Each structure stands twice: as structure tokens, then as C-alpha cells.
Amino acid sequence: MCASSSRSSSANNRPDEAYDRTSTLHSEGKASRHAFSSSGSAAGLTLVATPIGNLGDFSLRGAEALAEADLILCEDTRMTARLLSDRNITTRTEALHEHNERQRVPALIERMQNGTRMALVSDAGMPLMSDPGFRLVRAVIEADLPLTVIPGPNAALTALVLSGLPPHPFMFIGFPPPRSAARKEAFAKLRAAERAGLSATLIWHEAPHRLADTLADMTEVFGEDRPCAVGRELTKRFEEVKRGPVGTLAAFYAETAPRGEITLLLGPAEAEESSADDLDTTLRTLLSTHSVKDAAALAATAIGLPRRTVYARALELAAELKNSSD
């Protein structure tokens, strides 16, 4: 990449202040310990973000870090092989995924302590974000080994800035539970947090075959009018972002099966006052997955009503639900 020709002549005439590609833009008085220096001599771990769809998004720094590493830890070595081949990188790879990470960490730390330079990548995007690597990072920190990150593509942030929903604050939650009952329970806890004051754009990843059911559960818990966005195939040829009320998107995807990688966003709740309808809706949702006692406790905290009052109403609703199912 060429330097800009608009740099001032005074800077060009002062070699001692020449632009340094490895210098930091901001300094707090102490240099951080980087796993890979410009000479590539330090051992440790570098987390490297990889493209979420478009290979052109892979940074020069990311490619250099992978080329200089002694070992690349991959979520799936077959996926990473495509990226390495595109950049002519021949570094050896090994798998590190959710099923083997716990067992592999001690030996990997020992190898780093003995001088091995390692890089960690996921199949796509930033490592650790709904991907393996957290246990290894914690172990590297505890062992006081060099640790750094080379930032890059991230599906959650890409979808957030494309969604048209408030960009901050936001909460990235990962994948919702795969089963409806557990999913509605997780949504109900978030809804309770909103009633207690949480106001943020919520972000999930979701599998395409579960999207319609997830949107239906979301409509039931959060209401059909909440602003929503579904990002699909971000950075790829068929990139698409659909925006609208969550109920409308639920109806659309019930009839139209989506394909590709999905990022799902829900806008923050509007300020509201608690009412009897709010209480009943919250309790009915919670009673589908909780005992009467636990549902009443959660609802009372969320809505700010006395527990005794909420428990009494929970008993009434539980009896109604039982009678309607008989």
C-alpha cells in the first residue's frame, strides 16, 4: 500500500519523524507486549480476525501475522486452508475447537513458553465471538505470555451499522438457544431486564433453518412492533439486510426460507409504563418455562411490583393455563 502523496513536505524532509507502520497512534506511556514484533521474534499468541465472506477484507497485518507464526490454531483447518492458499501462506495448522480446547490448552501454553509463536483464527470474523479460544486466551494471560489481536471483519458490527437501528449501546448475545422453550426463556430474561431499565440494540447470530421460529418467539416475547433487522450474507455477493417490525419479518421468513449466514438485530424498547397487561404477558411467558415461584420473582423484579402481589397473580394465571390445557 502506497503512502499518501498529500503528506507535508516538512514531514518528508525529516527522516527522524518518518512514518512508522508499526508505531501506535495513541500512547499511554508504556508499550504493550505484542506477540509478533516487526522482527517476528517474540513467542506468544496473536488473535487474527479473518474475512466473514469477502477474501478482499483480509488485512495485510493479518496475513503477515499468519505467515510469521510457527503454528496457526484453527476452528476448522479446511476452512482456514482456503484463506492461506489465497495469500500463499504455508504455516502449519492445527485444529482448536469447542470439543478439544479444554484438553489442548495446557500443552499449547507449554509450547508458547518454549518459544512457539502461535496465531488463532476462527472460520470467519473475530476469534472468541461465538467461536472457540476464550479458554486459551485466559490461560495465556494467566501465564503472562505476550498476547495481541489484529482486528478486522466482524459480522455483528457490520450488521449493526447497516441495520439503521441505534448503534449504541448495543449488546451482542451470540446464538439464541436452539429449542423454542429455552429460547423464549432467554428472551423473557432480556425483556425483564428491559423493564428494569436496559435499553440497547440486541444482536444475535442465527442459523438460517431456525430464523423463522426464532423471529416468531421474539414476536411473542418482545411484541410484534419492535424494530428489527436481518442481515444475510454480509460482505458477499448476495448481501441483504431486511428491516421492519419483528412481526412483519417473522411473517416474511415463515414463507421465505433464508439462505446463508444470518445476523439478527432487535432495536431497543421504547420507554413504557407497567400495567396489568404487561404483568400478565410477562408472567405467561415466564410460566411456560419456570415454576410459579420463579416466574413471580422474575416478573416482580422486572416490573417493580411487590412479590406477594405478583405471586398471587402468577397462581391465578397458572391455574388458568392448567385448566385451558385440560
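Visitor: How do the residues of the lining of the largest cavity divide into nonpolar, polar and charged?
Guide: This is a predicted model, in which local features need a pLDDT of at least 70 and side-chain atom pairs count only at pLDDT 80 or more, while totals for chains, interfaces and linings use all residues. Residues are numbered from 1 along each chain as its sequence is written, and side-chain values use heavy atoms, with hydrogens and water left out. The largest cavity (grid points, on a 1 Å grid over the protein atoms alone, where a 1.4 Å probe fits but cannot get out) is lined, by residues with an atom within 4 Å of a point, by Ala188, Arg191, Arg195, Val221, Thr281, Thr282 and Thr285. With Ala and Val counted as nonpolar, Arg as charged and Thr as polar, this lining divides into 2 nonpolar, 3 polar and 2 charged residues.

Visitor: Which helices each supply at least two residues of the lining of the largest cavity?
Guide: The lining draws at least three residues from each of domain 2 (156-266) and domain 3 (276-324), whose bounds come from an automatic or database domain assignment. Of the helices (DSSP runs of H or I, at least four residues, numbered from the N terminus), those supplying at least two lining residues each are helix 7 (180-195) and helix 10.

Visitor: Is Thr282 buried or exposed?
Guide: Thr282, one of the residues lining the largest cavity, has its place in helix 10 (residues 276-287). Leaving out residues up to four places away in sequence, Thr282 touches (heavy atoms within 4.5 Å) Arg195, Ala299 and Ile303. Because its relative accessible area is 9%, and under 20% counts as buried with a 1.4 Å probe and protein chains only, Thr282 is buried.

Visitor: Where does the second largest pocket lie?
Guide: About 820 Å³ of space, as filled by probe spheres set on grid points joined across faces, edges and corners, lies in the second largest pocket, a pocket being an open set of points with protein on both sides within 12 Å along at least five of seven lines. Of its 37 lining residues, Pro51, Ile52, Asp123, Ala124 and Glu261 lie nearest its centre. Because domain 1 (44-153) and domain 2 (156-266) both give residues to this lining, the pocket lies between domain 1 and domain 2.

Visitor: Which element gives the largest share of the lining of the second largest pocket?
Guide: This lining divides into 16 nonpolar, 12 polar and 9 charged residues. Helix 6 is among the elements that give two or more residues to it, but the largest share, 4 residues, comes from helix 3.

Conventions:
Buried means under 20% relative accessible area, exposed over 50%, partly exposed in between (1.4 Å probe, protein chains only).
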